[in-house]
Amino acid sequence: MKCYAALILIAYAIIHCGAMAQTPFYHTETHYKDHNSEPREHVLDIERMTLQVRFEPEKGKVRGTVTHHFKTLRQNVDSVLFDAQKLTINKALLGNKPVRFVRTDSTVIVYPSAALKRNMRDSITFVYEATPRKGIYFIGWKQNGQPQTPGIFTIRKQIWTQGQEADHRFWIPMYDATNDKFITETIITFDSEYQVLSNGTLLKEKKNNDGTITWHYRMNKPHAGYLLTIGIGKYAIEKRKSLSGVPLELWYYPEYKQDVPFMYKYSEEAMDFLEAETGIPYPWEKYSQIPVQDFIFGAMENTTATTFGDFFHTDARAFIDRKYIGVNVHELTHQWFGDFITQRDPKNIWLHESFATFYPKLFDRKYMGEDYYEWNRRGEHNAALSASEKDRLPIVHPKAGTSRIYPKGSAVLDMLMHTVGEQQFKSAIAHYLKKHGYANVVTSDFYHAFQDTLGLTLERFFDQWLYRGGEPHYEITRRTMNGETHITVSQIHITDELTQLFSMPITIEVWYDNGKHDTKTVLIDKQQQTISIPHNNGNNVAFVLFDPGSIILKKVTYKKQFAELAAQALYAPRMIDRYDAVVALEKDSSDKAKKLQLFTQIYEKNTFHAIRTEIIRQCSEIKERPPICTALIHQAYKDADASVRKAALTYSKQPFAEWKSDMEQMLRDSSYSIVALALGKLCSAYPEQSDTYLKITDGAPGMFAEIAIKRHEIGARNGNKKAIEHLTDFAGPFYEFRTRQFAFNALKRNNYCDKKVIQALFDAMVNPNTRLAGAAKDILEYFYQQTAFQSAIIREYEAVAWTSAERDELKKVIKR
């Protein structure tokens with residue numbers, strides 16, 4: 001990338017300067033307008049919010065006092081609206097005096113006795129109560145009894161908050177939008193047996209006579225209100241420091257101290273990396289991370305205090321299957337992109353999420369290697385292209401969708417870095433962050449950073465990749481004659497107002513049989529154009545790469561012959577180009593024997609899991625499998641990479657006789673998920689040996705009790721009543737939501753539904769965790785459709801006095 005960056009930038013800039021006079025482009029507005037995406041109007045600038053709260057967790061109740069210190073923005077402010085979703089407001093004060101207010105289901109409106117003048121400073125205080133279903137979550141406080149299988153997956157008593165998108169309004173009367181930033185101060189009183197985390201610095205812990213402690217936290221700099229957080233539970237804290245001296249607090253469950261090195265791997269390195277990459281020191285006073293149970297997302301970048309689901313808790317074995325590293329770096333990146341600078345309006349959410357997806361990819365490049373970087377980028381491309389099969393919304397749009405604001409935006413940043421050069425990209429990023437720190441931003445602010453620092457007008461780039469939708473589809477043909485290779489590139493995608501011809505600098509490499517190559521970087525911006533590349537470094541062309549490394553987000557139609565694909569798969573210097581050749585070989589039927597011999601060579605030369613896995617997948621699809629394929633699959637079962645071993649196990653098909661010995665070895669694998677998968681396959685194929693296989697795996701329950709649940713599922717299928725009891729227990733409210741999901745699916749496969757299962761499904765369906773509720777709804781529907789279970793489900797439903805909200809959820813399945 002570094003070799004060609006200057007040439008790419010010069011080509012892009014020179015050609016586009018000429019083009020600007022002819023073609024109008026717009027760098028401030030999307031071409032797919034949504035009129036509800038503008039910043040919200042407000043009459044006050046909130047400067048500080050002080051929140052004092054107590055909780056009654058068994059009742060899910062909040063008792064609070066919140067004071068908003070403000071400066072008025074307009075003349076004659078005669079009313080002020082705050083978001084307040086179904087809150088009980090007991091009192092309102094303007095300064096120290098009572099003030100009239102009116103409450104609706106979603107707001108509280110304050111009416112000063114005399115209109116407030118512009119630039120006037122004062123405060124509004126609310127004393128209130130709430131019993132919310134969003135914004136703050138009371139986990140584990142209603143459960144009575146004990147789980148049969150205690151472990152990391154059993155439910156814990158916790159309280160935690162989640163403000164994004166705009167959910168703090170369900171438990172705090174406040175201005176709940178991103179376009180006002182203020183200092184927050186949180187004063188929390190709770191049981192002294194627990195620990196409490198909030199934003200900023202812990203100023204004071206005060207022990208009270210009633211067995212509680214009051215924790216007093218305060219931010220030093222302003223941030224958006226949705227980033228306020230509270231986390232309460234029983235924790236220990238490991239304290240570390242980054243190279244620059246940033247205090248790091250890693251919260252963990254005290255009984256699992258031995259797992260901290262795996263769960264928080266690379267935490268210090270991530271801080272050091274991001275300070276170096278952004279050019280901006282960490283902008284807050286400290287950084288904490290806290291795992292919580294039944295979290296409704298993956299993690300949340302609350303300012304100075306990230307919350308993440310404890311499903312990322314990993315021990316030495318779970319670390320093989322699931323790592324927190326990527327999420328860790330993603331959330332830390334948000335401390336700059338999202339917290340330090342914050343979207344002004346909904347359509348600019350990509351300025352948070354795309355950057356927080358982009359930097360973990362760069363982190364992988366440094367700590368995992370170039371192959372992982374390329375593979376991550378390919379995943380982003382696939383996600384973006386898949387989204388465009390449904391619609392072609394731009395990235396800068398409030399309904400762009402997850403696949404655009406996360407992976408596509410990250411891929412666009414990759415292309416932008418490639419276009420302007422990595423060091424110059426860093427300069428623009430540092431300027432952008434420094435100029436807009438602790439403030440709100442829109443996409444044009446990012447655009448102007450390149451003009452301010454590099455003198456670049458990237459109007460065309462921003463227009464085609466951010467303000468318009470779709471991606472280019474290139475059709476490539478080539479011919480070689482008279483010592484030159486001629487590449488014809490056609491843009492064959494649909495063009496209209498939303499998607500036009502793309503203009504991108506693209507590199508083409510011609511590789512020869514002597515191992516040398518010639519390179520040319522050209523601006524591809526026409527419907528069709530032909531590029532000629534003289535053969536300066538060789539004569540016999542082995543293969544040609546259009547966009548080596550697959551940097552450009554695109555579809556490509558480029559038919560290559562077997563010899564060219566073979567050479568590319570063996571000798572292309574970048575992993576992703578070798579992988580693409582292996583994938584393309586599947587459609588080549590010219591010489592199967594030669595292809596399988598080639599696969600053996602490729603497998604030996606490449607250790608990266610994606611290439612080996614693809615070879616195993618293709619071998620497994622061959623109906624009359626030759627010995628060479630069988631040998632490769634046997635080899636994959638012994639691969640050092642768990643992904644390859646899992647692929648061998650996944651793609652192995654019945655009859656299993658030739659794989660049986662390999663599969664039995666997988667019962668002792670270091671990967672929990674491989675053990676569970678092997679156990680299920682073996683017991684299904686050889687039920688008479690189930691007892692033997694169950695004894696071999698009678699040990700660690702696995703991540704989310706996956707192995708234990710699989711063992712009980714098999715036992716239940718074999719008529720073991722105790723196993724059914726265990727499955728029913730795992731489905732109940734004593735366990736975190738992923739464990740319950742595994743148990744629900746095991747019960748479904750056994751078609752077992754009794755009173756306890758129905759109660760567990762009801763409990764899950766009314767749970768505010770939508771991932772748990774959604775899974776329970778699907779399983780309940782499955783059982784409800786069966787006459788044998790329907791009457792029992794209705795009977796249990798009618799035996800409970802549900803709240804109206806709970807009844808609404810359950811009626812999605814129970815038609816009464």
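**Notes on strands, salt bridges and a helix**

1. Strand 2 (residues 61-72) and strand 8 (residues 121-130) run antiparallel and pair over 10 bridges. Keep in mind that this is a predicted model. To find one point on the pairing, look at histidine 69: serine 123 in strand 8 stands opposite. Strand 8 also pairs with strand 4 (residues 88-94), again in the antiparallel sense, and here 6 bridges join the two. On this side, lysine 91 has valine 127 of strand 8 as its bridge partner. When you trace these strands, remember that side chains in a regular strand alternate between the two faces of the sheet.

2. Next comes a sheet further along the chain. It is open and has 4 strands, in the order 28-25-24-30, with mixed pairing. Which strands form the edges? They are strand 28 (528-534) and strand 30 (555-557), and each of them pairs on one side only. Neighbouring strands in this sheet are turned against each other by 25 degrees on average, direction ignored.

3. Now look inside that sheet. Strand 24 (residues 473-481) pairs with strand 25 (residues 484-491) in the antiparallel sense, and the pairing spans 8 bridges. Isoleucine 476 helps you line the two up: its bridge partner in strand 25 is valine 489.

4. Threonine 212 deserves a close look. This residue belongs to strand 14 (residues 212-218). Is threonine 212 buried or exposed? Its relative accessibility is 13%, so it counts as buried, since the cut-off for buried is under 20%. The side chain of threonine 212 makes a polar contact of 2.5 Å with the side chain of aspartate 210. Leaving out residues up to four places away in sequence, threonine 212 touches Thr189, Phe190, Asp191, Ser192, Lys206 and Lys207.

5. Serine 388 sits in the loop between helix 7 (370-387) and helix 8 (402-420). A loop residue may still be hidden: serine 388 has a relative accessible area of 18% and is buried. What does serine 388 contact beyond its neighbours within four places in sequence? The contacts are Arg404, Gly470 and Glu471. Take glycine 470: it is 82 residues from serine 388 along the chain, with 6.1 Å between the C-alpha atoms.

6. Arginine 404, one of the contacts of serine 388, also forms a salt bridge with aspartate 391, and their closest N and O atoms are 2.9 Å apart. Arginine 404 is in helix 8, while aspartate 391 is in the loop between helix 7 and helix 8; the pair is 13 residues apart. Arginine 404 is buried, at 3% relative accessible area. Aspartate 391 is partly exposed, at 32%.

7. The count of salt bridges comes to 49. One of them joins glutamate 38 to lysine 347, with 3.2 Å between the closest N and O atoms. Why does this pair deserve attention? Glutamate 38 is in the loop between helix 1 (2-20) and strand 1 (44-56), and lysine 347 is in the loop between strand 22 (341-343) and helix 6 (350-367), so the salt bridge ties together parts that are 309 residues apart in sequence. Glutamate 38 is partly exposed, with 39% relative accessibility. Lysine 347 is buried, at 7%.

8. Another salt bridge links arginine 365 and glutamate 422, whose closest N and O atoms are 2.6 Å apart. Arginine 365 is in helix 6 and glutamate 422 in helix 9 (residues 422-436), so this link joins parts of the chain that are 57 residues apart. Arginine 365 is partly exposed, with a relative accessible area of 21%. Glutamate 422 is buried, at 13%. Salt bridges can also join up into a network, as they do among Glu56, Lys59, Lys61, Arg63 and Glu129.

9. Finish with helix 24 (residues 755-765). Its buried residues are Val757, Ile758, Ala760, Leu761, Phe762, Ala764 and Met765. To read that list, recall that an α-helix has 3.6 residues a turn, so residues three or four places apart point the same way. What covers the buried residues of helix 24? The cover includes helix 22 (721-731), helix 23 (737-749), helix 25 (770-784), helix 26 (787-798) and helix 27 (804-810). At the N-terminal end, aspartate 754 caps helix 24: a side-chain oxygen is 3.1 Å from the backbone nitrogen of lysine 756.

Definitions and conventions. Residues are numbered from 1 along each chain as its sequence is written. This is a predicted model: local features need pLDDT of at least 70, side-chain atom pairs count only at pLDDT 80 or more; totals for chains, interfaces and linings use all residues. Side-chain values use heavy atoms; hydrogens and water are left out. Two strands pair if DSSP finds at least two bridges between them. Axes are lines fitted to C-alpha atoms, for helices over the stretch in contact, and angles run from 0 to 180 degrees between N-to-C directions. Buried means under 20% relative accessible area, exposed over 50%, partly exposed in between (1.4 Å probe, protein chains only). A polar contact is a pair of N or O atoms within 3.5 Å; within protein, one must be able to donate a hydrogen and the other to accept it, and residues adjacent in sequence count only if both atoms are side-chain atoms. Contact means heavy atoms within 4.5 Å. A salt bridge is a side-chain nitrogen of Lys or Arg within 4 Å of a carboxyl oxygen of Asp or Glu.
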